[in-house]
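Hello,

Here is the structure I promised to pass on to you. Please open it alongside this email, and my notes follow below.

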Amino acid sequence: MNLTHDFDKAAAECGDSPALISTDAAGKELTLTYTELADKVRRAAAGFKANGIGKGDAVAIIHRNDPAFIIAYFGLIRLGAIAVPLNFMIQKPEELKFLLGHCKAKGVVTQRPFLPGIIGAQKELPDLQHIWISDASG
């Protein structure tokens, strides 16, 4: 048994029940059912895999607490990748360079406000090949 198995079992058993309740930037309540969350997790896993992320690869998540964090986390572990949550308050390129380099992150899931530090760090991190932005428009 593992977390992915337990998640799939919960999604099968609970289907249309709320799995995640949050609010958007405007304060509007958002609800994802287990079925919806499971679909988003599977699509995230497929997207990571299509970008070369696989078993044992580290991907940092520099993100505020919201559904995209959870979707990325479960999508990564579904592949056997290593999800590396980092405190989003760490924004200096030199600090991010140390953390991202230490875990040999191949990618980062983040939000627009955190891009400057990540891009600054990426310049000296040849392993860091991908930056996915969850709140990008379009």
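The largest pocket is lined by Arg-43, Ala-44, Gly-47, Phe-48, Ala-68, Ile-71, Ala-72, Val-109, Trp-132, Ile-133 and Ser-134. Please keep in mind that this is a predicted model. Two or more of the lining residues come from each of α2 (34-50), α3 (67-79) and β6 (130-133). With 4 residues, α2 gives the largest share of that lining. By character, the lining of the largest pocket splits into 8 nonpolar residues, 2 polar ones and 1 charged one. The space in the largest pocket comes to about 260 Å³.

Now to the second largest pocket, which has a volume of about 200 Å³. Around it you will find Ser-22, Thr-23, Asp-24, Ala-25, Leu-30, Asn-65, Asp-66, Pro-67, Ala-68, Gln-111, Ser-134 and Asp-135. Both β1 (18-23) and α3 supply at least two residues of this lining. Here the lining of the second largest pocket consists of 4 nonpolar, 5 polar and 3 charged residues. If you would like a landmark, look at Ala-68 and Ser-134: they appear in the lining of the largest pocket and also in that of the second largest pocket.

Next, the sheet. Which strands form it, and in what order? There are 4 strands in an open sheet, arranged β4-β3-β5-β6, and their pairing is parallel. The edges are taken by β4 (82-86) and β6, each of which has a single partner strand, so one side of each has no neighbour in the sheet. On average, neighbouring strands of this sheet are turned by 20 degrees against each other, ignoring direction.

You can follow the pairing strand by strand. Strand β3 (residues 58-62) pairs with strand β5 (residues 105-110) in the parallel sense over 5 bridges, and Ala-60 is found opposite Val-108 of β5. The pairing of β3 with β4 is parallel too, over 5 bridges; there, Ile-61 has Pro-85 in β4 as its bridge partner.

Two helices are worth finding around these strands. One is α3, which together with β3 and β4 makes a right-handed β-α-β unit; α3 is also among the elements that help line the largest pocket and the second largest pocket. The other is helix α5 (residues 115-122), which lies across β3, β5 and β6 and runs at about 170 degrees to β6.

Happy to go through any of this with you.

Best wishes

Definitions and conventions: Residues numbered from 1 in each chain as written. Predicted model: local features only at pLDDT ≥ 70, side-chain atom pairs only at ≥ 80, totals over all residues. Heavy atoms only, no water. 1 Å grid on protein atoms, 1.4 Å probe; cavity = no way out; pocket = protein on both sides within 12 Å on 5 of 7 lines; lining within 4 Å. Points joined across faces, edges and corners; volume = space filled by probe spheres on them. Nonpolar A, V, L, I, M, F, W, Y, C, P; charged D, E, K, R; others polar. Pairing = 2+ DSSP bridges. Axes fitted to C-alpha atoms, helices over the stretch in contact; angles between N-to-C directions. Contact = heavy atoms within 4.5 Å. Right-handed = clockwise from strand over helix to strand, strands pointing away.
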